[in-house]
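Thanks for sharing this one. A few notes follow, meant to be read with the structure open beside them.

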Amino acid sequence: MASIAKHNSNSERYFAALAVAERRALHSFFDQHIVEDRELGYFALDEGDYNALPAHLAARVVHTVHGAMSDEF
């Protein structure tokens, strides 16, 4: 699931997407990626939404927050 935050500057969009990714990662087994987009700026993308991240998206990943859930218990 991609989340898009509406903000004015690219840096605000990046940090908004990062906040979304960090919140999601706490409750997910999957990595959360920050993807750069020409029109949208930045958005958070859950790796679990795809079997394998498509090449056109993987090439635009600028940061990854690793999933924090553990299935050891």
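**Notes on the predicted model**

1. Let me start with Met 69, which counts as partly exposed because its relative accessibility is 37%. Met 69 sits in the segment after strand E4 (61-65). Together with Phe 29 and Phe 30, Met 69 makes a nonpolar surface patch of about 300 Å².

2. Please keep in mind that this is a predicted model. Mean pLDDT for the chain is 86, and 86% of the residues score at least 70. Confidence is highest in E4, at 96, and lowest in strand E1 (residues 2-4), at a mean of 58. Where pLDDT is low, the predicted coordinates should not be read in detail.

3. Now to the interior. The largest nonpolar core has 10 residues: Tyr 14, Ala 17, Leu 18, Val 20, Ala 21, Ala 25, Ile 34, Tyr 42, Ala 44 and Val 65. Helix H1 (10-25) and strand E3 (41-46) each supply at least two residues of this core. H1 gives the largest share, 6 residues.

4. Gln 32 is worth a look too. This residue lies in strand E2 (residues 32-37). Is Gln 32 buried or exposed? Gln 32 is buried, because its relative accessible area is 0%, under the 20% cut-off.

5. What does the side chain of Gln 32 reach? One partner is the backbone oxygen of Phe 30, at 3.1 Å. The side chain of Gln 32 also makes a polar contact of 3.4 Å with the side chain of Arg 24. Phe 30 is thus a nice residue to revisit, being one of the members of the surface patch in point 1.

Note on methods. Residues are numbered from 1 along each chain as its sequence is written. This is a predicted model: local features need pLDDT of at least 70, side-chain atom pairs count only at pLDDT 80 or more; totals for chains, interfaces and linings use all residues. Side-chain values use heavy atoms; hydrogens and water are left out. A nonpolar core is a set of buried Ala, Val, Leu, Ile, Met, Phe, Trp, Tyr and Cys residues joined through side-chain atoms within 4.5 Å. Buried means under 20% relative accessible area, exposed over 50%, partly exposed in between (1.4 Å probe, protein chains only). Helices (H or I, at least four residues) and strands (E, at least two) are DSSP runs, numbered from the N terminus. Patches are made of residues with over 30% relative accessible area and no salt bridge: like charges are joined within 9 Å, nonpolar side chains (Val, Leu, Ile, Met, Phe, Trp, Tyr) within 5 Å. Accessible areas come from the Shrake-Rupley method with a 1.4 Å probe; for residues, only the protein chains shown count as cover. A salt bridge is a side-chain nitrogen of Lys or Arg within 4 Å of a carboxyl oxygen of Asp or Glu. pLDDT is the predictor's confidence in each residue, from 0 to 100. A polar contact is a pair of N or O atoms within 3.5 Å; within protein, one must be able to donate a hydrogen and the other to accept it, and residues adjacent in sequence count only if both atoms are side-chain atoms.
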